[in-house]
Amino acid sequence: MKTLLNIDECLNAGKDEVGGKTYCLAKIHSHGIRVPKTLCVPCKVYEDYLHQSRLKDRIFFEINRMPLEQMRWEEIWDTSLRIRNYFLNTPVPATIEKNLAGLIDTYCGNSVVAVRSSAPGEDGASTSFAGLHDSFLNVSGTRDIIKHIKLVWASLYSDAALLYRKELGLDIQTSRMAVVIQELVPSDRSGIFFGLNPSSSNESVVESVYGLNQALVDGDIEPDRWILSRSTGKIIRHTDPVRKKYAVPGKTGIIFHDLKDHEARTPPLSPDEIHQIWKTGKRLEQIFGKPQDVEWTITNDELIILQARPITSTGFTETDDKRSWYLTLHRSYENLKTLYDKIEHHLIPEMISEADKLKQQDLENLSAQVLCSEIERRQKIYDDWVKIYWADFIPFAHGIRLFGQVYNDAVAPEDPYEFMNLLENTGLKSMERNRLIEKLARMIRNDKDLKTALENERIPDPGHPFRMLLDSFVDQFGDLSCTIGSGSECEYGKNAIIQLLLEFAGRPAKSRKSNEIDTTQLKDRYIKSFPVDRRDFAEDVLYLGRESYRLRDDDNIHLGRIEAGLFDALQEGRRRLVDPGTTANDIEILLKAPGLSLTQKDQNQEETIFSDKTAIEKWISSRQIVGHPAGPGISSGRARLIKTPQDLLSFKQGDVLVCRGVDPNMTFVVPLAAAVVEERGGMLIHGAIIAREYGLPCITGASNAMKLIEDGNQITVDGYLGIITCRTEDL
């Protein structure tokens with residue numbers, strides 16, 4: 001079979017070889033409907049590439065590192081990132097590349113094209129997997145087209161595709177991917193036609209923007225929207241947005257321009273054009289026997305169909321892990337810029353102001369009735385901020401992922417996480433907190449009398465330099481009495497922070513990293529990987545990545561202060577409930593407040609460990625535990641399991657921090673650690689971020705580490721391979 005098929009050859013090759021998207025375009029073309037000039041790299045080329053390059057074995061290892069259903073979303077993204085990097089760094093075998101390059105050069109020359117996925121079954125009649133695989137606009141030149149063909153192949157293992165692995169039938173042994181190379185039509189107007197409105201079976205929908213369709217699909221530009229009668233095409237209603245920008249091809253990717261005044265005031269489509277789109281959509285429905293989701297464009301007043309797929313009744317099925325919600329976290333560059341402005345200039349200042357107001361209020365002098373109302377008010381404030389956290393702060397974390405992908409696609413580094421080195425040293429709040437802890441520890445280290453007093457639980461009087469700095473620390477970061485952010489409550493006692501400071505003071509001061517990397521050289525290489533006219537974009541994506549990295553940690557600190565305000569009110573209520581001087585009437589009032597009762601809830605809800613494992617099974621499974629490498633290096637130490645916040649108090653210099661997940665408010669012990677092991681996974685969870693800041697080996701996604709490792713075991717953490725080894729005599 002040829003390595004590149006024209007559109008007429010695609011029908012004969014069949015859907016299993018050219019994929020649903022290509023086959024659909026070929027069928028549309030055969031009925032005389034205008035589509036862009038289209039070529040296809042069939043699935044056989046992908047299979048030959050995997051086989052001859054031996055890349056298949058490496059993908060198999062990554063996908064089977066641990067069962068996919070046990071991975072968190074972050075771990076799936078990391079797996080996808082590593083596989084994508086394999087494709088970037090694995091050349092197309094010479095015989096395949098020579099043949100493919102010759103045909104691309106002949107058919108495409110220097111024309112600008114779109115390179116799109118066309119996996120068999122991705123646009124079937126029962127399910128539609130739109131958006132799970134990558135498409136690239138504005139690609140030109142044989143070398144660049146081949147690079148983007150490999151990236152489309154890699155997107156067969158995107159995080160979205162891996163999430164829907166079962167529905168896609170994704171199996172390394174049988175998975176296949178064809179690639180569409182399509183003429184990039186200059187678009188005056190473009191949009192989408194839904195033959196069947198998901199909200200009403202009697203309606204169709206047309207959406208349209210000026211310029212390229214990508215801005216609509218990515219959500220960067222709000223479209224005009226017309227609701228039509230499905231049977232007649234008559235316009236029922238029109239949603240008129242604020243029109244400001246349109247997208248056009250740049251030298252690479254797309255760029256945005258401001259609309260002219262008359263365009264900003266005028267919908268992109270006339271009634272006649274809307275009717276023409278409806279008629280074409282109905283004709284496609286007749287051809288395929290099912291209502292269609294159609295992408296179209298208009299250039300020089302000619303309607304061109306870019307792609308069509310069946311509309312499915314339910315799309316993705318809703319599951320407990322909220323996979324469809326996870327896909328909404330993927331944000332475009334323009335969307336992230338808007339989100340950053342909202343978070344940095346509005347939400348963060350509001351959170352700080354809210355926490356300050358809660359801190360300043362005198363709870364002790366409130367009546368029982370007012371305190372009860374205050375607890376209810378603080379609970380609502382906290383609940384509202386948690387909703388904002390999930391709606392805005394969590395999606396903004398995609399800024400790190402966007403930068404990582406942009407960096408890797410441009411640089412193709414051997415280490416897929418090399419980009420993380422350009423995100424560090426961004427002024428994390430937790431790092432600022434740790435620097436203050438070290439400053440307090442240094443004061444103890446240099447003052448024997450102060451050290452002796454603290455060891456005997458005598459805290460200096462107000463006015464003493466140590467006490468002044470300690471009070472300032474508590475004002476900013478609390479007394480470390482809770483793992484705020486996870487909804488948990490705890491109470492270490494007033495001297496908890498002193499115990500921690502004494503532990504810090506007992507070790508020599510050390511710098512954060514012993515293996516500093518020349519980030520100036522890394523940044524220079526990254527920026528120079530882009531054409532001159534795209535270097536501002538490269539700088540902007542790096543900036544967004546750094547800010548996303550910083551806020552990934554800081555937002556939890558700020559949310560934690562608001563939760564601490566709620567906890568303070570609850571503690572005051574609980575104090576009064578057990579106070580003999582509290583009247584029966586006041587107790588009755590206080591018991592109406594959410595979170596208050598006369599019985600204290602059991603804080604230790606740890607499950608019974610190894611109830612279903614024999615000793616020999618435990619030994620075999622814990623000799624080596626496999627997770628995801630999240631911080632390079634190899635280190636050994638005594639495992640310190642953190643099951644409850646109180647366990648942090650027993651953490652000693654040189655211990656290995658082992659936990660389900662490092663809460664941002666737990667990271668104050670990381671400087672003492674030899675390594676970090678987390679059951680939860682991903683390069684971008686808090687423990688991994690702080691471990692890399694200190695240059696510590698880190699493994700995430702180590703399933704059942706809390707069950708398979710016992711407190712005090714001597715373990716070795718290999719952050720290069722993602723393997724934890726337990727010393728035999730400890731098992």
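Modeller: A cavity is a set of grid points where a 1.4 Å probe fits but cannot get out. The structure shown above is a predicted model.

Biologist: How is such empty space found, and how many cavities of 30 Å³ or more does the whole structure hold?

Modeller: Rolling a probe the size of a water molecule over the atoms shows where empty space is left. In this structure, the search finds four cavities of 30 Å³ or more. The second largest cavity holds about 60 Å³ of space.

Biologist: Which residues line the second largest cavity?

Modeller: Its lining comprises 13 residues, and those nearest the centre are Val 209, Tyr 210, Ile 221, Glu 222 and Arg 243. By character, the lining of this cavity has seven nonpolar residues, five charged and one polar. Strand 7, residues 203-210, contributes the most to the lining, with three residues.

Biologist: Let us turn to the surface. Is Ile 634 buried or exposed?

Modeller: A residue is called exposed when its relative accessible area is over 50%. Ile 634 has a relative accessibility of 54%, and therefore counts as exposed. This residue lies in strand 16, residues 634-642. Together with Tyr 720 and Leu 721, Ile 634 makes a nonpolar surface patch of about 350 Å².

Biologist: How many residues of helix 25 are buried?

Modeller: An α-helix has 3.6 residues a turn, so residues three or four places apart point the same way. Helix 25, residues 686-693, is mostly covered, with eight of its eight residues buried. Among them are His 686, Ile 689, Arg 692 and Glu 693. Just after helix 25, Gly 695 adopts a positive phi of about 70 degrees.

How values were computed
Residues numbered from 1 in each chain as written. Predicted model: local features only at pLDDT ≥ 70, side-chain atom pairs only at ≥ 80, totals over all residues. Heavy atoms only, no water. 1 Å grid on protein atoms, 1.4 Å probe; cavity = no way out; pocket = protein on both sides within 12 Å on 5 of 7 lines; lining within 4 Å. Points joined across faces, edges and corners; volume = space filled by probe spheres on them. Helix = DSSP H or I, 4+ residues; strand = E, 2+ residues; numbered from the N terminus. Nonpolar A, V, L, I, M, F, W, Y, C, P; charged D, E, K, R; others polar. Patch = residues over 30% accessible without salt bridge, like charges linked within 9 Å, V, L, I, M, F, W, Y side chains within 5 Å. Areas by Shrake-Rupley, 256 points an atom, 1.4 Å probe, with all protein chains shown as cover. Salt bridge = Lys/Arg side-chain N within 4 Å of Asp/Glu carboxyl O. Buried < 20%, exposed > 50% of the residue type's maximum accessible area, 1.4 Å probe, protein only.
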